[in-house]
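Dear colleague,

Please find below the structure that I am handing over to you. My notes on it follow directly after.

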Amino acid sequence: MYKRFLPHIQPEDTAIFITYRLAFSLPQAYYMKEAIKKIKLRMQKEIIRNPKNRRAVTVKYKYRLFLFEDMFYHQIDNSPQWLVEENIAEVVEQSLLWGNRKRYDLFSYCIMPNHVHVLLRPLKIEETNKYFSLKDIMNNHKRFTAREANKILNRNGDFWFREFYDHYIRNEKEYRNVLRYIYYNPVKAGLVQEPEDWKFNKIMEL
């Protein structure tokens, strides 16, 4: 559902919530869920009522659809679960940490069995006075980790789903809500009792 609604938006000097997943397709049953139909119908009605605010309305419902999809990830039994392998999760973690303070400020991350949540803020490139592109940050990270993970798995082919979800943070309240959402994701998924019990789950000290 990521790029179907809007291209990636990157305001300057703003924290961005990112989720990306392994390469798998959502089952057809997901798209037939009544909750999905209702969210899309409400979005369409609101756009018709407020055509000038189409972008803002779409961003709002894009976030609601994402939350529903993220909940669905935990229920897919036949999706790859490569990220539960510690050596693969460590590749992803180290790649995220490598970019911290170089290309972005990393605030939080959680590496789940089949997807990853990240909260970061792209930094400014001193030479150009422009900010690192979120698209470039993610492409480089996914390319490197896919190559290294496939070596470990002794496989070829896509490792990550091509697209990723992103949502820029508008205020302090939303920032704290997203931090909490990321940190408690393993608990919501029923993987652990306490968030600190999940090894690859961290709020950074900046």
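In which loop does Leu123 lie? Leu123 belongs to the loop between β3 and β4, where β3 covers residues 115-122 and β4 covers residues 124-125. Please bear in mind throughout that this is a predicted model.

**Confidence**

The mean pLDDT of the protein is 87, and 91% of the residues score at least 70. Residues 1-6 call for caution, as pLDDT stays under 50 there. For that stretch the model has 21 contacts beyond four places in sequence.

**Overall form**

The protein contains 8 helices and 7 strands. A compact globule of 206 residues would have a radius of gyration near 17 Å, and the protein agrees with this because its own value is 17 Å. Along the principal axes, the C-alpha atoms fill a box of roughly 50 × 45 × 35 Å.

Of the 206 residues, 47% are buried. The exposed area amounts to about 11,600 Å², of which carbon and sulfur atoms supply 48%. If one takes the contacts between residues at least 6 apart in sequence, 72% of them join residues at least 24 apart. As for charge, the protein has 36 positive and 25 negative charges, and the mean positions of the two sets are 9 Å apart.

**The surroundings of Leu123**

Which residues does Leu123 touch, leaving aside those up to four places away in sequence? One group of these contacts consists of Arg101, Lys102, Arg103, Tyr104 and Asp105. The others are Lys130, Tyr131 and Phe132.

Arg101, one of these partners of Leu123, lies in the loop that joins α5 (86-99) to β2 (104-111). Although Arg101 is not a glycine, it has a positive phi of about 70°. Arg101 counts as exposed because its relative accessibility is 54%, the cut-off being over 50%.

A second positive phi is found at Asn129, a residue other than glycine, with a value near 65°. Asn129 sits in the loop between β4 (124-125) and β5 (130-131). With a relative accessible area of 51%, Asn129 is likewise exposed.

**Val59 and helix α4**

Val59 is part of helix α4, which runs over residues 54-73. Is Val59 buried or exposed? Its relative accessibility is 9%, so Val59 counts as buried; the limit for that class is under 20%.

Two distances place Val59 within the fold. Val59 and His167 are 108 residues apart in sequence, yet their C-alpha atoms are 8.1 Å apart in space. Leu123, by contrast, is 64 residues from Val59 along the chain, and the C-alpha atoms of this pair are separated by 23 Å.

**Glu46 and helix α3**

Glu46 lies in helix α3, which spans residues 34-49. Despite being an acidic residue, which counts as negative, Glu46 is classed as buried because its relative accessibility is 14%. Leaving out residues up to four places away in sequence, Glu46 touches Val57, Lys60 and Tyr61. The C-alpha atoms of Glu46 and Tyr61 are separated by 10.0 Å, with their positions 15 residues apart along the chain.

With kind regards

Key. Residues numbered from 1 in each chain as written. Predicted model: local features only at pLDDT ≥ 70, side-chain atom pairs only at ≥ 80, totals over all residues. Heavy atoms only, no water. Helix = DSSP H or I, 4+ residues; strand = E, 2+ residues; numbered from the N terminus. Rg over C-alpha atoms; globule rule 2.2 N^0.38 Å. Buried < 20%, exposed > 50% of the residue type's maximum accessible area, 1.4 Å probe, protein only. Contact = heavy atoms within 4.5 Å. Areas by Shrake-Rupley, 256 points an atom, 1.4 Å probe, with all protein chains shown as cover. Charge placed at Lys NZ, Arg CZ, Asp CG, Glu CD. pLDDT = per-residue confidence, 0-100.
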